[in-house]
Amino acid sequence: MNFRPRQRDEPEINLIPFIDVLLVILIFLMLTTTYSKFTELQLTLPVADAEQQRDHPKEVVVAVAADGRYVVNKAGIEGKSVDALATALRAAAQAGPGSVVIISADAMAPHQAVVSVMEAARRVGLTQITFATQSSARAGAGKS
């Protein structure tokens, strides 16, 4: 009989395959993860410091009041329908489809009123639309 104390081999953990598997998982997760970031929208009304150009025959100025009324080239429109607005735009567009529609909307005007102007312009065939802004100096002067 062998009465010598038996030497026990210490268990050994081989870390190399473990690290290889973790690296493969890490690479897989990096390639398949979509990084989407949802943030709150911070909106600021437009302000521009550009020279204003007036009285061009290719311009059709549409003003939208805070209560949703429309004025096309300083002439009021009866009703708030898109059809009435399209008729007024067709009559005001002297240069035809090459006319530029300038939407000058009140800051408190409903969004739908501005979208209705864009829809009426599309129905008439006026594709060039721009928005009028006020200079930052005048915007600050009005808030007293």
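**Notebook: buried residues and the core**

I started with A121, which is buried, with a relative accessible area of 0%. The model I am reading is predicted. A121 lies in helix α3. I then looked up its contacts, leaving out residues up to four places away in sequence. A121 touches L89, V101, L126 and I129. I checked V101 by its C-alpha atom too. It is separated from that of A121 by 7.5 Å, and the two residues are 20 apart along the chain.

**Whole chain**

Next I stepped back. I found four helices and five strands in the protein chain. Along the sequence I read the pattern α-β-β-β-α-β-α-β-α. The protein chain has 144 residues, and 19% of them count as buried. I looked up the accessible surface as well. It comes to about 12000 Å², and carbon and sulfur atoms hold 58% of that. Then I turned to contacts between residues at least 6 apart in sequence. Of these, 69% join residues at least 24 apart.

**Helix α2**

Which residues of α2 are buried? In this helix, residues 82-92, I noted V82, L85, A86, L89 and A92. Seen down the axis of α2, they fall within an arc of 130°, so they line one face of the helix. I recalled a rule here. An α-helix has 3.6 residues a turn, so residues three or four places apart point the same way. On the face of α2 turned away from the buried side I found the exposed residues D83, R90 and A91. What covers the buried residues of α2? The cover includes β1 (59-64), β2 (70-72) and α3 (111-124).

**The core**

I looked up the largest nonpolar core, which has 21 residues. V62, V72, L85 and L89 touch the most other members. β1, β2, α2, β4 and α3 each supply at least two residues of this core. I added a general note: in soluble globular proteins, nonpolar side chains tend to be buried together.

I followed L89 further, again leaving out residues up to four places away in sequence. L89 touches V60, V62, V72, V117, A120, A121, V124 and L126. So my list for L89 includes A121, where these notes began.

**A loop residue**

Last, I checked S99. It lies in the loop between α2 and β4 (100-105). Is S99 buried or exposed? It counts as buried, because its relative accessibility is 0%, and the cut-off for buried is under 20%. Not counting residues up to four places away in sequence, S99 touches K58, V60, A93, Q94, L126 and Q128.

Terms used: Residues numbered from 1 in each chain as written. Predicted model: local features only at pLDDT ≥ 70, side-chain atom pairs only at ≥ 80, totals over all residues. Heavy atoms only, no water. Buried < 20%, exposed > 50% of the residue type's maximum accessible area, 1.4 Å probe, protein only. Arc of directions from axis to C-beta. Contact = heavy atoms within 4.5 Å. Core = buried A, V, L, I, M, F, W, Y, C linked by side-chain atoms within 4.5 Å. Areas by Shrake-Rupley, 256 points an atom, 1.4 Å probe, with all protein chains shown as cover.
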